[in-house]
Amino acid sequence: MLVLYTLLLMGPAAEEARPLTLLNRLSLLRLLAGEEICYDAYIHKAGIWFHVGEATFKVEKRKGPTGGLLLRGIAKGGKFGYHIRMLWESYLDGKTLLPTLSVNTKTGSERRFERYLFQKGEVLYFKKKHCHRPDCKNPAHFVRKTKWFGPIPVGKETVHCPGCKDLRHYIWRLIWRHKVNEPFLDMLSAVYAARTSTFRPGASFIVPVVKSRDRWHVKVTAAKEEKVKVSAGTFDCYKIILEPHNVGDRPNAKPKFSGLFGIQGTISIWVDKVTRVPVRIKGSIPFAFLTLYCDVQLKRATGTPEAFKLAANDILGRAPAAQ
Ligand SMILES: [Zn+2]
Ligand SMILES: [Zn+2]
């Protein structure tokens, strides 16, 4: 789900559902088309809480004959001379509601461009980087540069740009090929997939997540019931515990990664009992070379249909028919 690291463990043998149990429920996501959820983000610095940004998550129906959904998250904000804009997009297949493509873009004081392509038996992880191909022939990557003979300029020459911030010089590079024999989800679709599950105190389910070069089975447990007050109102919530288990190609990778909002470390998440919308997320966030305590709170949620709310109580997981 959002970020995955916690030391808390559930007590007695919690009931645990395998990834496929969850993935069978993904058709419930069709009900969420039109839903919009907004958050306010705060950070704690020098004893004061500052409002630093907002994030909006939407579910849209994709146009075209194959249908499917587009999940889109936009977060922007900044403070103290640091600013950032993040965009996440996950394209879900019309039949399976599994992701086919996921794109993450971070611009502003930090830049990062990532893409995951989901296809049969593999997930390809790409990053957009400045082109350094020795055999590159793309004229858009070439720049005019002064030619020197010792300290003396002797005219101009056209050379491949050695590196800059001009995105026209950037190309997508395959970074990692994940060989998989079961479906995996990107971070954004994982949050939505988790929302299709039934939450019951003490019960767990597994969300399969691919992130960068690693793959995780994230065990999601509804630990306890709590009331949570945020600007959107007061909600009856489950406090969620996330435990990531490394199932990827790098067994020594640390069991943590930053997720939506870039939150990392040990985090706390509260999910509304009825809509399974995350209501509050607390954790730490890297902010302008510091790691600060952050608090993300639900500001507004609209368009969650009754049918999706009712499905929360549908323990047998009977998904509604596709429309
Ligand atoms: Zn080039
Ligand atoms: Zn360049």
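Visitor: How many helices and strands are there in the protein chain?

Guide: Welcome! This is a predicted model, and its protein chain holds three helices and 17 strands. Of the 323 residues, 35% count as buried. Among contacts between residues at least 6 apart in sequence, 61% join residues at least 24 apart.

Visitor: What is the mean pLDDT of the protein chain?

Guide: The mean is 85, and 86% of the residues reach 70 or more. Among the elements, strand β1 (residues 15-17) has the lowest mean pLDDT, 64, while β8 has the highest, 97. Over residues 1-14 the pLDDT is below 50, and this stretch has 48 contacts in the model beyond near neighbours in sequence. At residues 315-323 the pLDDT also stays under 50, with 12 contacts beyond four places in sequence.

Visitor: Let us turn to burial. Why is aspartate 214 called buried?

Guide: The cut-off for a buried residue is 20 or more other C-beta atoms within 10 Å. Aspartate 214 has 21 such neighbours, so it counts as buried. This residue sits in strand β13. Leaving aside neighbours within four places in sequence, its contacts are Asn246, Gly248, Arg250 and Ala253. The C-alpha atoms of aspartate 214 and asparagine 246 are 7.6 Å apart, although 32 residues separate the two in sequence.

Visitor: And what makes threonine 291 exposed?

Guide: A residue is exposed if 12 or fewer other C-beta atoms lie within 10 Å of its own. Threonine 291 has 11, so it is exposed. Its place is in strand β17 (residues 290-302). Its C-alpha atom is separated by 9.9 Å from that of isoleucine 43, which is 248 residues away along the chain.

Visitor: Why does serine 212 count as partly exposed?

Guide: Partly exposed covers the counts between 12 and 20. Serine 212 has 16 C-beta neighbours inside 10 Å, so partly exposed is the right term. You will find serine 212 in the loop between β12 and β13. Its phi is positive, about 55 degrees, although serine 212 is not a glycine.

Visitor: How do you know that alanine 46 is exposed?

Guide: The limit for an exposed residue is 12. Alanine 46 has 6 C-beta neighbours inside 10 Å, so it counts as exposed. Alanine 46 lies in the loop between β2 and β3, and it has a positive phi of about 50 degrees without being a glycine.

Visitor: What makes β2 and β3 a pair of strands?

Guide: Two strands pair if there are at least two bridges between them. Strands β2 (residues 36-45) and β3 (residues 48-61) are joined by 10 bridges, so they pair, and they run antiparallel. One of the bridges links tyrosine 39 to alanine 55 in β3. The hairpin of these strands has two residues between them.

Visitor: How do you know that β8 pairs with β7 and with β11?

Guide: The same requirement of at least two bridges applies. Six bridges join β7 (residues 112-119) to β8 (residues 122-130), in an antiparallel arrangement. Arginine 115 has phenylalanine 126 as its bridge partner in β8. The hairpin of β7 and β8 also has two residues between the strands, and glycine 121 there takes a positive phi near 80 degrees. With β11 (residues 170-179), β8 forms nine bridges, again antiparallel. Here lysine 128 is matched with tryptophan 172 in β11. Both pairings therefore satisfy the requirement.

Visitor: Why is helix α2 described as largely enclosed by the rest of the structure?

Guide: Nine of its nine residues are buried, so the description fits. They are Met187, Leu188, Ser189, Ala190, Val191, Tyr192, Ala193, Ala194 and Arg195. Among the elements covering them are α1 (19-23), β4 (69-79), β5 (82-92), β6 (99-108), β12 (203-211) and β13 (214-230).

Visitor: Which residues have the most contacts inside the largest nonpolar core?

Guide: They are Leu29, Ala190, Ala193, Val207, Val209, Ile240 and Val271, in a core of 67 residues. Helix α2 (residues 187-195) supplies the largest share of this core, seven residues. Valine 209 is in contact with Phe184, Leu185, Met187, Ala190, Trp216 and Val218, leaving aside its neighbours within four places in sequence.

Key: Residues numbered from 1 in each chain as written. Chains lettered and ligands numbered in written order. Predicted model: local features only at pLDDT ≥ 70, side-chain atom pairs only at ≥ 80, totals over all residues. Helix = DSSP H or I, 4+ residues; strand = E, 2+ residues; numbered from the N terminus. Core = buried A, V, L, I, M, F, W, Y, C linked by C-beta atoms within 7 Å. Contact = placed C-beta atoms within 7 Å. pLDDT = per-residue confidence, 0-100.
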